[in-house]
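Please open the model in your viewer and keep the selection panel at hand. The tour below goes from one selection to the next and says what is there.

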Amino acid sequence: MFFSNLYEAMKDEYRRWRDGTPPPPTPTPRPRTTPSTASPSPLLPSPARVPVPLSSGDLPAVKNWSHPFGDTSSVFQQLTTLAKAQAGYFPLGRNGLWHGGVHFDSGTAGTVGPEGQGYVRCLADGEVIAYRIPEQTPKTLFFPAPGVTIEAPFASGFVLVRHRLEAPRIEGEADTPPSLIFYSLYMHLADWASYQADTGKARPAFWSESSRCRVKMTVKDVRPGHPEERGLNLRHSPSRGKVIGFLPKGATVTVSGEGDYRKVEGIKGPVELQNPDGTLRGYVGFSALKDMGGGVYRVNTSRDPLTVRPVPNKSESGIFKLPIGSEITISGEGEFRKLESVVQYAHFASLESERVPQCGKVVVLEKPFPIKAGSLIGHLGPYQDSKEEAPQEKLHLEVFACEDVEAFFTKSREWAARMPEKYKTWLKLEKGTKVVVHQASYSKTTPPNSAHPHVLSGAPLLIPRALLDGLPADRKITVAASQSTQARNWYRLDNLLLDANGENIPMGWVCDEIGVTPWVNPWAWDGYEVIYNNDPPQNALAHFLLNLGNYFDEKELEQWKPLADASDRGPVRQRLLDIIDANADGTITAAEVQKALSIPAYAQSISQLVIHNESEWYYQQRKWDALDKVLGHTGSTPILNWVAEKERIKELSWWGEVSAKRILSANGETYCLHPLPLIFMFVNGCACGRDITKDEMRRISPESSETAIDAHLSSINQGFNRFGIVTCRQKAHFLAQVLHESDKLYAVREYGGEDAAYAPWFGRGLLQLTFRANYEKYGAYVGDDVVSSDLARDKVAAPPHAALSAFWFYAKYKNLVSVAESDDLIMLTARINGGFNGYDERLKHFNSASKVLGGGHLSRLESSGKFPFESSEAYKNKIYSLAWGIWHDPDRRERGTSKDRSKSLAGYKRAKFLLSLSPMSLGTPNSMIYGIKYSDVQAFIDKRIAELNLE
């Protein structure tokens with residue numbers, strides 16, 4: 001990060017600054033907010049192993065992972081998105097200097113998911129151990145040109161989270177799996193002032209609770225007379241009180257007392273009566289009050305509320321009504337008294353404890369705070385480099401370990417060799433893999449063949465099973481085994497592979513020959529390599545300045561070129577040369593690094609580098625002062641921006657304060673890993689190929705009870721495995737239908753089913769199995785009696801049959817797994833329901849499940865989160881097209897919008913067209929479909945099209 005800033009601080013006009021008119025006096029450095037306690041250490045990082053710091057012995061191993069901004073796209077898309085960042089790449093920045101993390105900034109904004117870079121999420125399960133939130137974002141005084149200054153903000157807030165990575169235990173073995181303590185760092189977070197200015201901004205749970213409360217963001221009370229405002233209504237009494245006041249969402253308040261409604265402290269009275277300074281306006285008749293003692297009066301009218309008037313007489317209309325029983329205080333004398341306060345009561349369950357950070361210093365928590373993957377870390381603050389015209393929001397995300405990562409890799413690889421085959425979830429395509437050129441004729445009957453025209457891949461690539469399973473059906477072809485060959489899976493990979501010349505292969509087929517093509521266990525860390533970076537900062541800086549072209553004069557060039565050449569031969573640059581030296585000139589440029597990061601194979605190889613280096617957040621003044629000579633900065637010819645940059649570096653540093661607690665290594669040495677691959681390595685970043693968890697089920701359907709989830713979750717996971725519902729996207733489709741049909745897992749028996757005409761064969765189970773024929777077919781499938789009596793039939797309403805019957809109906813009887821694989825929620829609903837009853841709720845459940853399970857990388861959803869009718873198979877079906885029109889018809893539903901009318905018209909017009917090709921041929925003229933006689937369907941459609949076009 002610092003070297004990235006250094007780029008802006010040096011790149012343009014320093015030769016002129018140094019050789020021209022002496023600049024203004026060097027500004028006096030501001031005192032640092034937090035003094036550094038770091039002890040000096042050598043400038044050069046040592047390859048010696050780092051002592052293991054103290055860590056939590058009971059820290060649970062990571063089970064869940066999350067992208068910092070909720071992006072659920074594929075691993076390759078997430079990696080290549082980082083090439084769009086403006087400067088902060090791993091492990092070398094835009095300037096070719098060492099960089100230990102990755103950046104999300106204005107370059108990546110709009111590319112990381114539907115919610116964008118709105119707030120930062122925790123990368124993995126762990127515990128918060130330290131943070132810093134400044135009162136206000138500090139600023140640096142920069143000098144972009146002679147006589148010109150700017151005050152550039154640099155968000156110094158950060159959060160440090162500790163995690164434990166541990167391999168799975170091997171069933172039947174008592175050995176302890178290898179594990180690694182690692183840390184995730186989130187830099188450049190917003191200051192406390194930004195939270196105070198925006199009361200609706202969510203606050204991290206690891207901040208301390210204060211005595212004050214905040215109105216929850218989920219409250220939905222409507223402010224009387226202001227229907228557009230939602231918040232919390234305040235009442236005149238703690239029992240059946242009438243609404244007299246209002247607090248917006250996020251507002252802070254202090255309450256006292258006990259019970260469901262508690263007394264509001266510190267607010268004089270209803271918002272409608274408040275003056276700008278918080279005092280109250282208005283007068284009340286003294287005769288209508290009852291003295292309660294202690295200066296408190298109660299409204300004591302016989303029937304009507306007490307009128308508050310703007311003046312102390314009855315000459316003007318009232319401005320407010322105080323209900324009988326309201327408690328107030330007053331002042332003055334006479335018939336009308338000045339209103340001073342009105343007691344209000346707030347619903348306590350609608351409040352949450354306000355969380356407030358300890359500001360302006362590095363806070364090392366005495367007791368680490370447990371945090372789950374995806375939980376709120378914070379919000380981004382403003383950051384501006386010396387040459388930027390305006391601040392931007394950027395996140396520096398870094399993952400590092402202080403333990404010996406190379407030793408961990410060795411133990412982990414040994415452990416992986418003992419693990420079962422099922423853990424091999426990544427297909428390994430070696431450099432030189434045959435890639436068969438795509439032909440339009442390829443299909444299940446005419447699959448690709450290794451003898452067909454092909455090229456050899458020019459770079460290795462590891463592909464997660466989840467990505468392969470999620471490919472569209474026309475990009476996966478299975479060839480059965482024969483007497484001479486093994487079974488083969490052919491996969492068409494678009495824009496993932498390179499040829500021997502480093503050129504992209506737009507569409508190419510690769511073969512997974514069962515038992516031959518290697519699959520690897522992520523715990524083997526295939527392709528990962530630890531590099532000990534011995535390139536000192538002054539060498540790296542000399543290399544950068546030399547490549548500017550005209551920074552050094554001849555004498556300086558003679559002095560600093562050997563350092564630059566040594567940096568060029570450093571281990572990090574040499575390893576990158578092996579991967580990406582596109583023009584084979586023996587050197588690496590910033591442009592080559594950025595281009596390589598946009599290519600999946602190169603981006604993956606680079607992300608597998610682990611760099612042992614001194615942390616850039618470990619501050620040593622002499623390390624930075626050592627760069628003065630290389631820059632040409634002296635007391636007589638100062639580089640003002642470099643002086644300012646060194647002060648910024650000092651304020652951003654934090655390592656010393658944390659390491660003083662024996663949490664991190666004292667000498668600042670770390671092993672830096674690329675953050676994003678970890679999200680996919682162990683759980684694929686989604687629910688593909690694994691069980692869904694109870695926590696995920698709660699998040700998918702928060703209205704489902706714990707009891708219901710506990711009763712059915714195990715059977716649901718067993719059903720996914722038994723019926724081949726393997727991808728996160730397929731699981732989301734199944735759950736969307738089940739959650740609607742079972743009313744969020746509550747209704748395992750049809751509501752009012754006993755009174756239905758088809759009783760006792762009413763709906764039971766999670767998909768409401770109905771009618772005798774279906775009971776008989778299901779009973780035959782499971783080999784159990786679910787027909788002979790009510791007791792037998794009620795088996796379908798209890799585990800495991802409640803879930804098993806749903807899977808049977810969905811996967812076997814209706815054969816809907818392939819429909820889910822094609823991502824067709826509209827057709828799925830039609831096939832299960834016969835129409836679109838409850839479609840909106842099914843879509844809601846689907847969006848929730850897809851988001852929680854990480855199914856976005858397999859999505860055909862529009863940005864609106866809805867499926868286009870025209871892309872569904874239902875669009876080809878006259879009955880379902882008619883149903884689509886009826887479902888969205890505003891005259892046939894309780895609600896209706898212009899968007900509904902448009903969809904209704906689309907359905908009716910499509911049904912009319914299909915009927916013109918093939919008239920109704922089902923049933924008799926008097927048969928009914930969706931409440932309409934077959935004989936009347938065409939007339940009905942024409943009538944509704946005409947009416948809707950007029951609206």
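Which residues have the most contacts inside the largest nonpolar core? In this predicted model, select L160, Y186, F400, L493, W525, W654 and L664, which have the most contacts inside that core of 127 residues. Next, select strand β7 (residues 179–189), from which the largest share of this core, eight residues, comes. Staying with Y186 and leaving aside residues up to four places away in sequence, you will find that Y186 touches, among others, C122, F158, I377 and L397. A second, separate core of 78 residues can then be picked up through L767, L825, F846 and I945, which it includes.

Turn now to the cavities, of which a search of the whole structure finds four of 30 Å³ or more. The second largest holds about 140 Å³ of space, and among its 15 lining residues W426, L462, Y528, Q608 and M681 lie nearest its centre. The lining of this second largest cavity divides into ten nonpolar residues, four polar and one charged.

Keep Y528 selected and add F409: the two form an edge-to-face aromatic pair, 5.9 Å centre to centre with 70° between the planes. Because F409 lies in helix α5 (residues 405–416) and Y528 in the loop between β35 (519–520) and β36 (529–532), the pair ties together parts that are 119 residues apart in sequence. Both F409 and Y528 are buried.

For a last selection, take F720, F723, F734, Y781, F807 and Y810, which form one aromatic cluster.

Technical notes:
Residues are numbered from 1 along each chain as its sequence is written. This is a predicted model: local features need pLDDT of at least 70, side-chain atom pairs count only at pLDDT 80 or more; totals for chains, interfaces and linings use all residues. Side-chain values use heavy atoms; hydrogens and water are left out. A nonpolar core is a set of buried Ala, Val, Leu, Ile, Met, Phe, Trp, Tyr and Cys residues joined through side-chain atoms within 4.5 Å. Buried means under 20% relative accessible area, exposed over 50%, partly exposed in between (1.4 Å probe, protein chains only). Helices (H or I, at least four residues) and strands (E, at least two) are DSSP runs, numbered from the N terminus. Contact means heavy atoms within 4.5 Å. On a 1 Å grid over the protein atoms alone, a cavity is a set of points where a 1.4 Å probe fits but cannot get out, and a pocket is an open set with protein on both sides within 12 Å along at least five of seven lines; lining residues have an atom within 4 Å of a point. Grid points are joined across faces, edges and corners, and a volume is the space filled by probe spheres set on the points. Ala, Val, Leu, Ile, Met, Phe, Trp, Tyr, Cys and Pro count as nonpolar, Asp, Glu, Lys and Arg as charged, and the others, Gly among them, as polar. Rings of Phe, Tyr and Trp (its six-membered ring) pair if their centres lie within 6.5 Å; planes under 30 degrees apart count as stacked, over 60 as edge-to-face and the rest as tilted.
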